[in-house]
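Colleague: Please take a close look at one small part of this model, a place where the backbone does something out of the ordinary, and then set that part in its wider surroundings. I would like one connected account that a first-year student can follow.

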Number of protein chains: 2
Amino acid sequence: MSEVILASASPRRRALLNLLGIPHRVVPSGVSEEDNGGESPRERAVRLAVAKARGATRSATSDPLVIGADTLVVRDGEAMGKPRDENEAAVILKKLSGRSHEVVTGLCLLSGERGPVTGVAVSRVVFHPMTEEEIGWYVATGEPMGKAGAYAVQGMGAVFIERIEGSFHNVVGFPVDLFYRLLPEAGFSLRQLRGE
Amino acid sequence: MSEVILASASPRRRALLNLLGIPHRVVPSGVSEEDNGGESPRERAVRLAVAKARGATRSATSDPLVIGADTLVVRDGEAMGKPRDENEAAVILKKLSGRSHEVVTGLCLLSGERGPVTGVAVSRVVFHPMTEEEIGWYVATGEPMGKAGAYAVQGMGAVFIERIEGSFHNVVGFPVDLFYRLLPEAGFSLRQLRGE
């Protein structure tokens, strides 16, 4: 059975691999998430997913499957990162309030035998209008910190989300259906990774 | 602080109330989920949500908030219930494979002071085509049992779901944004129910 390495420190991605029943090891690869200029959000998300996966292969044993992922929250072409403090979280939420934005996740599967297999998932997320009071309350819960776009769709942030179009788990940070569909291209299957 | 009663035995609904930080008591009310004839799926889901909430008020202390919910999985006007056995689960999944269906949740908030406050959430779910082997494997995991439509979007079933349009948590069985929006109509607020 191949070792599976998740090149991401995100507890949400880890939880989704656990949901699929895939034993894995976490090896965050510390890739700089800076903008490279001139890239589309899709290109950037895939580039970072590949870079993360490549960065984690160093610590691998023989023939692992390395999974890299990078998620961007994009409004009008502008990528919203993780808020640095509560003030920035409120500014980001004000930008998302009452509008739609895109969540873009690049995925990379890397194994010794083949080149990188990549894909990208895009979901549209529509926010209800948020009052100042709601933004203040939500920021005070602490949930927005550490999340791209300053919200957690899998947390209390759900009350502010009117609708989603696309993969839900992409909005959480790991599009499981895309992952499942890329596995055969990388020479793996879900059953195999689950040890069945 | 008002007591909150969830008139549903669904562990998914319970988990979503916990996610929102709302302490509550579970009082399943054993309402028959039979078709009444001539109803639309929306009408039926709301009727059953109200019946469940009313059924649970009996065990209530003073001035509770009772939450009733009923979720239907509907394809071409046909409601898909919970599979009775593995064979039926496979039949249902074959019907959903490669197609879109609707998930309809009726929600009812009942409190002593006011009449029932109701709402309905509808989400569209698009399934990837599933092979016979995939259906057999998924049924064998046991996950389809006890779930309307024979799948769990919050479980491994996610790998077969191409996209969602609408509320994600509605597909899980409890549309949290609709719940949040109905609360003021019923005379409550999320902060109050969280004990803040």
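Modeller: A word on terms comes first: the helices and strands named here are runs assigned by DSSP, a helix having at least four residues and a strand at least two, and both are numbered from the N terminus. The model is a predicted one.

With that in hand, the part to look at is the loop between strand 3 (65–75) and strand 4 (78–80) of chain A, which is where Asp76(A) is placed. Most residues other than glycine have a negative phi. Asp76(A) is not a glycine, and yet its phi is positive, at about 50°. Its surroundings can be judged by counting neighbours: a residue is called exposed if 12 or fewer other C-beta atoms lie within 10 Å of its own, and Asp76(A) is exposed because it has 8 of them within that distance.

A second residue of chain A makes a useful comparison. Ala150(A) is also not a glycine, and its phi is positive at about 60°; it is found in the loop between helix 4 (132–140) and strand 7 (161–166) of chain A. Its setting is another matter, for a residue is buried once 20 or more other C-beta atoms lie within 10 Å, and Ala150(A) counts as buried because it has 28 C-beta neighbours inside 10 Å. One of the residues that touch Ala150(A) is Leu93(A), whose contacts, leaving aside residues up to four places away in sequence, also include Met130(A), Ile135(A), Tyr138(A), Pro144(A) and Tyr151(A). Leu93(A), together with Leu93(B), has the most contacts inside the largest nonpolar core, which holds 122 residues.

It helps now to step back to the chain that carries both loops. Chain A has 7 helices and 7 strands, and along the sequence they follow the pattern β-α-β-α-β-β-α-β-β-α-β-α-α-α. The radius of gyration of chain A is 17 Å, close to the 16 Å that the globule rule gives for 196 residues, so chain A is as compact as a globular protein of that length. Buried residues make up 46% of the 196 residues in chain A, and of its contacts with a separation of 6 or more, 69% join residues 24 or more positions apart.

Chain A is also related to a second copy. A turn of 180° with a shift of 0.0 Å along the axis lays chain B on chain A with an RMSD of 0.0 Å, and that is the relation of a two-fold axis. In chain B, the residue whose C-alpha comes closest to this axis is Glu165(B), at 2.2 Å. Both copies use the same surface, since 100% of the contact residues of chain B recur in chain A.

The contact between the chains takes 23 residues from chain B and 23 residues from chain A. On the side of chain B, the elements that give two or more residues are strand 7 (161–166), helix 5 (168–172), helix 6 (176–182) and helix 7 (190–193). Strand 7 of chain B gives the most, with 6 residues. Sorted by class, the side of chain B that touches chain A has 13 nonpolar, 5 polar and 5 charged residues.

Technical notes. Residues are numbered from 1 along each chain as its sequence is written. Chains are lettered from A and ligands numbered from 1 in the order in which they are written. This is a predicted model: local features need pLDDT of at least 70, side-chain atom pairs count only at pLDDT 80 or more; totals for chains, interfaces and linings use all residues. The radius of gyration is taken over C-alpha atoms; the globule rule is 2.2 Å times the number of residues to the power 0.38. Two residues are in contact if their C-beta atoms, placed from the backbone, lie within 7 Å. Copies are superposed by least squares on the C-alpha atoms of residues with pLDDT of at least 70 in both. A nonpolar core is a set of buried Ala, Val, Leu, Ile, Met, Phe, Trp, Tyr and Cys residues joined through C-beta atoms within 7 Å. Ala, Val, Leu, Ile, Met, Phe, Trp, Tyr, Cys and Pro count as nonpolar, Asp, Glu, Lys and Arg as charged, and the others, Gly among them, as polar.
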